[in-house]
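Thanks for coming, everyone. Please take a moment with the sequence and the structure before we walk through them.

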Amino acid sequence: MKQSSSPTSLTSSELATQPACWRRAAEAAVRAAGLPLPGERVAVTGCGTSWFMAQAYAALREAAGQGETDAFASSEFPAARLDGRYDRVVAITRSGTTTEVLRLLDALPGTTLAVTADPGTPVKDAADGLAVLDWADEESVVQTRFATTALAFLRAGLEAHGPLPAGVRTVAEAAAQAEEAVAEPLPPEVLGAEQWTFLGAGWAYGLAQEAALKMREAAGAWTEAYPAMEYRHGPVAIAAPSRVTWAFGPLPAGLAESVTDAGGTFLGAESRDPMADLVRAQRLAVAVAQARGLDPDRPRNLTRSVILAG
């Protein structure tokens with residue numbers, strides 16, 4: 001498959017603005033109120049893409065030694081933990097209208113912070129505090145820049161309180177690498193594959209799950225995601241010609257060889273920040289969608305926000 005010559009989609013235009021959005025998020029985090037403080041026990045929640053950003057942040061915060069941090073899909077937040085055992089709960093919600101998020105925030109005692117793109121929605125009354133990233137809002141159904149900007153904002157909050165784990169770059173460094181990811185050509189063998197599996201370890205696992213979701217949402221593609229060390233415990237069985245295994249961040253020894261020995265294509269970029277590498281996966285989702293005659297701006301069966309009856 002060649003690089004798409006289709007007209008630029010709205011999704012493509014929005015995802016290309018991520019480096020600038022991340023830089024602005026890092027500036028906003030310096031003066032933001034309500035971000036988790038070192039030592040607090042924190043839960044992070046959201047739905048869909050926002051849940052995967054919550055997973056990434058939770059793993060990164062705990063690895064940084066800033067406090068116990070859990071991540072839950074809002075619909076699966078354990079009822080036994082609605083007892084105030086968390087010092088702070090952070091909810092990520094682009095629209096501010098997602099039913100499961102609003103119901104959870106209404107039920108939670110204690111301090112809650114909502115990271116949102118729209119301060120005029122019901123989340124303003126459901127959460128104790130708001131972090132408004134309205135400059136990263138999107139018209140497209142499929143989330144790209146808001147989700148990563150929310151993660152950049154939370155990640156910059158960690159930077160403000162101490163060093164990040166070894167090997168984890170600053171948001172400024174990630175933004176510089178994302179500029180390269182926006183511009184460089186995608187490998188032809190990755191564009192032309194029939195199946196894609198995304199892998200990541202630690203905080204990069206949430207990003208791997210998000211990459212797979214983008215491919216499913218925009219292109220209706222067969223994609224999977226796993227923790228990197230779990231890949232050889234079964235999923236490697238589907239590695240084969242015309243199938244891609246894409247790893248975010250550091251690679252377990254021998255993993256690439258396991259894929260190539262099976263005839264599959266392996267893609268890894270250990271020198272690139274996983275959040276910046278996610279930009280490439282977003283671009284891949286758009287390109288595959290257009291090659292299949294699909295409109296990435298109007299994904300099948302999806303709406304911009306899930307609002308449940310009753």
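**Strand S4 and its surroundings**

Let's start inside. Strand S4 covers residues 111-116, and 5 of its 6 residues are buried, so the strand is largely enclosed by the rest of the structure. One caution before going on: this is a predicted model.

Who are the partners of S4? On one side, look at strand S3, residues 88-93. S3 and S4 run parallel, joined by 6 bridges. Take one position as a landmark: Val90 stands opposite Leu113 in S4. And how does the chain get from S3 to S4? It passes through helix H4, residues 99-107. This β-α-β crossover is right-handed.

Now turn to strand S5, residues 129-132. S5 also pairs with S4, in the parallel sense, over 4 bridges. Find Leu113 again. Its bridge partner in S5 is Gly129. Then go to Thr116. Its bridge partner in S5 is Val132.

Let's zoom out to the sheet. This is an open sheet of 5 strands, and the pairing is parallel. Read the order as S2-S1-S3-S4-S5. Which strands stand at the edges? They are S2, residues 69-73, and S5. Each has a single partner strand, so one side of each is left without a neighbour in the sheet. On average, neighbouring strands here are turned by 20° against each other, direction ignored.

**Helices on this sheet**

Back to H4. This helix lies across S1, S3 and S4, and runs at about 160° to S3. Which residues of H4 are buried? They are Thr99, Val101, Leu102, Leu104 and Leu105. What do these buried residues pack against? The answer is S1, S3, S4 and helix H5, which spans 123-126.

Next, helix H3. H3 lies across S1 (42-46), S2 and S3. Its direction is about 170° to S2.

One residue of H3 is worth a stop. Ser50 lies in this helix, which covers residues 49-63. Is Ser50 buried or exposed? Its relative accessible area is 3%, under the 20% cut-off, so Ser50 counts as buried. Leaving out residues up to four places away in sequence, Ser50 touches Ile92, Thr93 and Gln143.

**The other sheet**

Now move along the chain. Here 4 strands form an open sheet, again with parallel pairing. The order is S7-S6-S8-S9. At the edges stand S7 (223-227) and S9 (265-268). Each of these has a single partner strand, so one side of each has no neighbour in the sheet. From one strand to the next, the twist averages 20°.

Look at one pairing in detail. S8, residues 243-248, and S9 run parallel and are joined by 4 bridges. Within that pairing, Val244 has Thr265 of S9 as its bridge partner.

Helices pack here too. Helix H9, residues 204-219, touches S6 (195-200), S7 and S8. H9 makes about 175° with the direction of S7. Helix H11, residues 274-291, packs on this sheet as well, touching S6, S8 and S9. The direction of H11 makes about 155° with that of S8.

**Aromatics and cysteines**

Two quick topics left. How many aromatic pairs are there? The count comes to 6. One of them is Phe77 with Tyr86, and it is edge-to-face. The ring centres are 6.1 Å apart, with 75° between the planes. Are these residues buried or exposed? Both Phe77 and Tyr86 are buried. Add Phe72, and you have one aromatic cluster: Phe72, Phe77 and Tyr86.

Finally, cysteines. A disulfide is a covalent bond between the sulfur atoms of two cysteines. How many does a search of the whole structure find? It finds 0 disulfides. Two cysteines to locate on your screen are Cys21 and Cys47. Cys21 has a relative accessible area of 6%, which means buried under the 20% cut-off. Cys47 has a relative accessibility of 22%, so this cysteine counts as partly exposed.

That's the tour. Happy to take questions.

Terms used
Residues are numbered from 1 along each chain as its sequence is written. This is a predicted model: local features need pLDDT of at least 70, side-chain atom pairs count only at pLDDT 80 or more; totals for chains, interfaces and linings use all residues. Side-chain values use heavy atoms; hydrogens and water are left out. A disulfide is a pair of cysteine sulfur atoms within 2.5 Å. Buried means under 20% relative accessible area, exposed over 50%, partly exposed in between (1.4 Å probe, protein chains only). Two strands pair if DSSP finds at least two bridges between them. Helices (H or I, at least four residues) and strands (E, at least two) are DSSP runs, numbered from the N terminus. Axes are lines fitted to C-alpha atoms, for helices over the stretch in contact, and angles run from 0 to 180 degrees between N-to-C directions. Contact means heavy atoms within 4.5 Å. Rings of Phe, Tyr and Trp (its six-membered ring) pair if their centres lie within 6.5 Å; planes under 30 degrees apart count as stacked, over 60 as edge-to-face and the rest as tilted. A crossover is right-handed if, with the strands pointing away from the viewer, the path from the first strand over the helix to the second runs clockwise.
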